[in-house]
Amino acid sequence: MTRIWKVYSQASLILRITIALVLGVVVGLVGGEPVAIWLAPLGDLLLRLLTFLIVPIVLFTLMVGVNQSREGSAGRIGGKVFGYYLASSALAIMVGLTIATLFNPGSGMRLEEEASFSVPDNPGVVDALLNIVPDNIIGAFAELNMLGIIFTALVFGIALLKMRQSEHQQAMGERLFGVIEALSAVTLKVMSGVLHYVPIGVFAIVAETVSQQGLETLLSLGDMVVVLYIALATHLLIYCGIMRLFGVKLRTFFREARTPMATAFATQSSSGTLPLTINAAHRLGISKSIYGFSLPLGATLNMDGAAIRIAISAVFAANVIGAPLDFISMVQIVLIGTLVSVGTAGVPGAGIIMIATVFAQVGLPIETVALLTAIDALVGMGATALNVTGDLVGTSVIARSEGEELRETTSEDATATVNTSIIKE
């Protein structure tokens, strides 16, 4: 048993996840629902472990990052992060509309009269912005209000920085900063242990998803799925172009990004994958002052995959009812789709909420969302993987714009260095 564990733990993490994905598909197709029910708790455990790490990682990493920022750089970096995320989301919707218009998914399909769907509650942009300031810190942590957690970390991080710069409170501030640094390090130490469980959880989640969706669902709405993945691949190529423009080495980037990408694909959770995305940013050599802010914020605000999904779903719905979108409707979708992504939780099922909200705003039939729910998991996997990739791309580009060099790592396995290099940072 010890030998088996040694072989497993020393194997490349991405290799283990890839094997888990393949085995999950096979078991899901062969074993069916009974096997999926038996494996479901293993997948739930992975989601719980990743969610368990979100609050301490975001809180401590961001507080340490603020205190490691160069004087006057925080506002500049924040402006770059917000600007990049808004531009990227709008571009993603335009890419989705362009690809969908070329391939016209849903043409020839007609909506069944009995199909129905009720619009889930969406807090709206104003409420989402107000929720940035939590009325209860403990409540924000308990509800995983990411914007509220980021606000709390920023406020206390800045206050700690002021203490360290004060003549009267400097000693107290330095002691407190040492404690926060230690808490950040121990959180990442816990994460290094969770990484070993990721392939097992991914296997269980994929097996459950495949057994529930099956090949019949994929084939019945296959054109919609294929068009969406073409659009996701197109946007990924745009990412590559942007990174080349800023001098980011693609091989270096994808060697570290592939683990959070694969995990996001399986779990369909941008927020749940956040611990792994942060680990990838660290291994790329990006400073905490950048990734500690951009990645938690991106897990909530930057949803390029979801934006593409909104655009293609809109074209699909318009084709199903036989009323193709005009230019004005497309402009509306770009604007509204970009806005509704703000504050929408990066969790499984959030994409359906955004789609329903956009449909309601631009006058598309909500009933068509009932068709899309049948392939929610299949398209959600790819969309979430692009969401996470976009967060890391933006972070890498902003790091390069700040003059940072992305470093080459000698080991392909994140667990091989996370125990040492993170502690030394």
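**Exercise 1. Classify Ile-137 by its relative accessible area and place it in the fold.**

Solution. Ile-137 has a relative accessible area of 34%. Buried means under 20%, exposed over 50%, and partly exposed in between (1.4 Å probe, protein chains only), so Ile-137 is partly exposed. Ile-137 is found in helix H5; helices are DSSP runs of H or I with at least four residues, numbered from the N terminus.

The model is predicted: local features need pLDDT of at least 70, side-chain atom pairs count only at pLDDT 80 or more, and totals for chains, interfaces and linings use all residues. Residues are numbered from 1 along each chain as its sequence is written, and side-chain values use heavy atoms, with hydrogens and water left out.

**Exercise 2. Find the salt-bridge partners of Glu-402 and state whether Glu-402 is buried or exposed.**

Solution. Step one: apply the criterion, a side-chain nitrogen of Lys or Arg within 4 Å of a carboxyl oxygen of Asp or Glu. The whole structure contains five such salt bridges.

Step two: list the partners. Arg-76 meets Glu-402 at 2.7 Å, N to O. These two residues are 326 residues apart, with Glu-402 in the loop between helix H17 (376–401) and helix H18 (414–424) and Arg-76 in helix H3 (residues 73–103). Lys-80 also bridges to Glu-402, with the closest N and O atoms 2.6 Å apart; Lys-80 lies in helix H3, 322 residues from Glu-402.

Step three: compare accessibility. Glu-402 is buried at 13%, whereas Arg-76 is partly exposed at 39% and Lys-80 is partly exposed at 27%. Shared partners join Arg-76, Lys-80 and Glu-402 into one network.
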